[in-house]
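Okay, my turn. Have a look at the screen, and we'll go through a helix and then the interface.

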Number of protein chains: 2
Amino acid sequence: MIKVVAKNYIKADKLSEFLTIAKQLVKDTNEKDAGCIRYELFQDTSDSKILTIIEEWDDMKSLNEHMQAKHFKEATSAFPDFLEKPGEVNLYEKLA
Amino acid sequence: MIKVVAKNYIKADKLSEFLTIAKQLVKDTNEKDAGCIRYELFQDTSDSKILTIIEEWDDMKSLNEHMQAKHFKEATSAFPDFLEKPGEVNLYEKLA
């Protein structure tokens, strides 16, 4: 299992637009992508501009296929315009 | 539900010591803490010094009680010595 935490810092005036696209990406990914165990969108409770997708994938193959999917490429092509500063993406393996 | 991502940057020469304590904390928390849905330890696949605990709690009350528990206070009292630089803790609500 691969865990992914993708943390994004979104411009205040782009929040609504980002949320629309990110929610559709969550829906599409859960419905369409093989090997997706969980793919969920979260908002920081003390800074609403921090939006983080937390993911679980069967393996690197399924994660790589997800990043090649049409719905992923279309959604994320808009993301650079929404960012206040560069985000962070970490891939993890579970230890305990 | 409250999601927590607690990201730690651990000194290379303290990794083993940190892991021993963190694994025990995961065990104690899952066994003892009311309102704990998930409490798991992850290691970054490209930087083994990034160790992150990803948590799910029923509500803020259960998270606050966890942080008052003896096993939490004992485990985390050692953590400052292990850190290469300050970590990040984000509390999240689920949007999608």
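So, which residues of α1(B) are buried, meaning under 20% relative accessible area with a 1.4 Å probe, protein chains only? They're L15(B), F18(B), L19(B), A22(B), L25(B), V26(B), D28(B) and T29(B).

Before I go on: this is a predicted model, where local features need pLDDT of at least 70 and side-chain atom pairs count only at pLDDT 80 or more, while totals for chains, interfaces and linings use all residues. Residues are numbered from 1 along each chain as its sequence is written, chains are lettered from A and ligands numbered from 1 in the order written, and side-chain values use heavy atoms, with hydrogens and water left out.

Back to α1 of chain B, a DSSP run (H or I, at least four residues). The helix covers residues 15-32 and reaches 25 Å from its first C-alpha to its last. Covering its buried residues, by contact (heavy atoms within 4.5 Å), are elements including β1, β2 and β3 of chain B.

Now the interface. Chain A and chain B bury about 2,500 Å² between them, 56% of it on carbon and sulfur atoms; that's accessible area (1.4 Å probe) lost on being put together, summed over both. F42(A), Y92(A) and L95(A) supply 24% of what chain A buries against chain B, more than any other three residues. The contact takes 27 residues from each of chain A and chain B.

The rule also finds six salt bridges across the interface, each a side-chain nitrogen of Lys or Arg within 4 Å of a carboxyl oxygen of Asp or Glu. E88(B) forms one with K7(A), closest N and O atoms 3.0 Å apart.

How values were computed: Helix = DSSP H or I, 4+ residues; strand = E, 2+ residues; numbered from the N terminus. Expected span 1.5 Å × (residues − 1). Buried < 20%, exposed > 50% of the residue type's maximum accessible area, 1.4 Å probe, protein only. Buried area = accessible area lost by both parts, 1.4 Å probe.
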